[in-house]
Amino acid sequence: MYSEKDFISPDYNLHKIEEAIKIKAEAPSNIALVKYWGKYPGQIPMNPSVSFTLTESKTETQAEIQKKTQKKEDISFDFYFEGNSKPDFEPKIRQFLNNILPYAPFIKDFHFRCESRNTFPHSSGIASSASAFAALAKIIIALEKKISAEEKEEDFWKKKTSFLARIGSGSASRSIERPIILWGEHPQIKESSNLYASPVQVEIHPVFQDYRDSIVLVEKGQKKVSSSAGHQLMNAHPYKDMRQKQAFENTLKIIDILQSGNQDEFIRLVESEALTLHAMMMTSNPNYLLMQPETLKIIHQIRNFRKETGSKLCFTLDAGANVHVLYPKTEQKAVKYFLNSITDKEILDDYVKMN
Ligand code: PMV
């Protein structure tokens, strides 16, 4: 277990880098099975969450890093997204770099020129902040490893990467490792932490290995209500205590289910988590609604299909209208046929890779 203090490194050898260097990093997106919703200051989650790390949907970032001739007091970077400079991304990145300075003060000694791209369409509405901040955190840690005066174990670096990514966006903490990730302290789970995420330490039943996630892009484009605003609304939410209690229980339950291979329990829990997340949005003050008619149509069709065929597919949602359809690899063909028959929306096929 690491504490916040462990991530403050006192000594660097800046002279280890004289020439400009290039660092490349890529980080995947993830989809939560037990949802993180609500946070305390410092990006501390109100409850633990458990996610599948995805494989195809990722952010790739390349940084050209040049040591400044004189240390200036400000952070200095250029950021290009898919070939274009993106002034609207800049404040978020600047804030991120500023917020991680206590743990990576050397940032001020360098100029960063970052080029970033997503393997999924940016306008797809699938969460890109998780993979984007995870990729940036990987770059910062790769640089720190080069100049660190101390030798550290690989596990330490992974946890510090997740720790930094968390400061950018909570769910980004879960985009560093694979395949099934827990973030958030749970009194009954040793080694669980609010500060960083770690792989769930149990043997995953074969039925959950190589699970598929086909993402139906119901609504492309920017979210109408940001996740940060949604988290905020949990502070005074009338169902806050019950939701937290449920999420702590569901965290233990999902870990049991992933071990036992009980797919019916998996379906019940995962769909309940998705609908509860949206129920929290619909019952906050002010309330809001992110599901679209097409979202509901697909949910109903999934449930009918399951009843009629005995399929084990199920759905989950993140903070948007898109539907993540989860199913075992053995059902790949049938589900593809089914999804194409019920919707003409674009579908991104992804899966969980077991390392
Ligand atoms: O990481 P954030 O602050 O964008 O929050 C993400 C929250 C959900 O995607 C809705 C749930 C989750 O656990 O990923």
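**A chat about the ligand site, the core and some unusual backbone spots**

Visitor: Where does D210 lie?
Guide: D210 sits in the loop between strand 9 (197-199) and strand 10 (212-216), and please keep in mind that we are looking at a predicted model.

Visitor: What is the phi of D210?
Guide: Phi of D210 is near 55°, which is a positive value in a residue other than glycine. In general, most residues other than glycine have a negative phi.

Visitor: Is D210 buried, exposed or partly exposed?
Guide: D210 counts as partly exposed, because its relative accessibility is 30% and the partly exposed class runs between under 20% for buried and over 50% for exposed.

Visitor: And what about E82, where is the place of that one?
Guide: E82 is found in the loop between strand 5 and strand 6 (84-85), and although E82 is not a glycine, it has a positive phi of about 45°. With a relative accessibility of 40%, E82 counts as partly exposed.

Visitor: Let's switch to peptide bonds. Which residues does a cis peptide bond join?
Guide: One cis peptide bond joins R178 and P179, with omega at about -15°, and P179 has its place in the loop between helix 3 and strand 8 (180-183). Another cis peptide bond joins N285 and P286, where omega is about 0°, and P286 belongs to the loop between helix 6 (263-282) and helix 7. As a general point, most peptide bonds are trans.

Visitor: Now the ligand. How many residues surround it, and which are the closest?
Guide: The ligand is surrounded by 13 residues, and the closest are Y36, S169, S171, R174 and H231. By class, this shell is made up of 5 nonpolar, 5 polar and 3 charged residues.

Visitor: Which domains does the shell draw on?
Guide: At least three residues of the shell come from each of domain 1 (4-199) and domain 2 (215-351).

Visitor: What lies 2.9 Å from an oxygen atom of the ligand?
Guide: That is a backbone N or O atom of Y36. From the side chain of S171, an N or O atom is 2.6 Å from an oxygen atom of the ligand, while a polar side-chain atom of S227 lies 3.4 Å from an oxygen atom of the ligand.

Visitor: How much of the ligand's accessible area does the protein cover?
Guide: On its own the ligand has 380 Å² of accessible area, and the protein covers 90% of that.

Visitor: Different topic: how many residues has the largest nonpolar core?
Guide: The largest nonpolar core has 47 residues, and those with the most contacts inside it are I65, L97, F106, I107, F112, I140 and L143. Several elements each supply at least two residues of this core, among them strand 1 (21-34), strand 4 (49-67), helix 1 (90-100) and helix 3 (154-168).

Visitor: Which helix gives the largest share of this core?
Guide: Helix 2 does, with 11 residues of this core.

Visitor: Last one, why is I298 called buried, and H15 exposed?
Guide: I298 is found in helix 7 (residues 293-309), and I298 is called buried because its relative accessible area is 0%, where buried means under 20%. H15 lies in the segment before strand 1, and H15 is called exposed because its relative accessible area is 55%, where exposed means over 50%.

Visitor: How far apart are H15 and N340?
Guide: H15 and N340 are 325 residues apart in sequence, and from C-alpha to C-alpha they are 57 Å apart in space.

How values were computed:
Residues are numbered from 1 along each chain as its sequence is written. This is a predicted model: local features need pLDDT of at least 70, side-chain atom pairs count only at pLDDT 80 or more; totals for chains, interfaces and linings use all residues. Side-chain values use heavy atoms; hydrogens and water are left out. A residue is near a molecule or strand if one of its heavy atoms lies within 4 Å of it. A polar contact is a pair of N or O atoms within 3.5 Å; within protein, one must be able to donate a hydrogen and the other to accept it, and residues adjacent in sequence count only if both atoms are side-chain atoms. Accessible areas come from the Shrake-Rupley method with a 1.4 Å probe; for residues, only the protein chains shown count as cover. Ala, Val, Leu, Ile, Met, Phe, Trp, Tyr, Cys and Pro count as nonpolar, Asp, Glu, Lys and Arg as charged, and the others, Gly among them, as polar. Domain bounds come from an automatic or database domain assignment. A nonpolar core is a set of buried Ala, Val, Leu, Ile, Met, Phe, Trp, Tyr and Cys residues joined through side-chain atoms within 4.5 Å. Buried means under 20% relative accessible area, exposed over 50%, partly exposed in between (1.4 Å probe, protein chains only). Helices (H or I, at least four residues) and strands (E, at least two) are DSSP runs, numbered from the N terminus.
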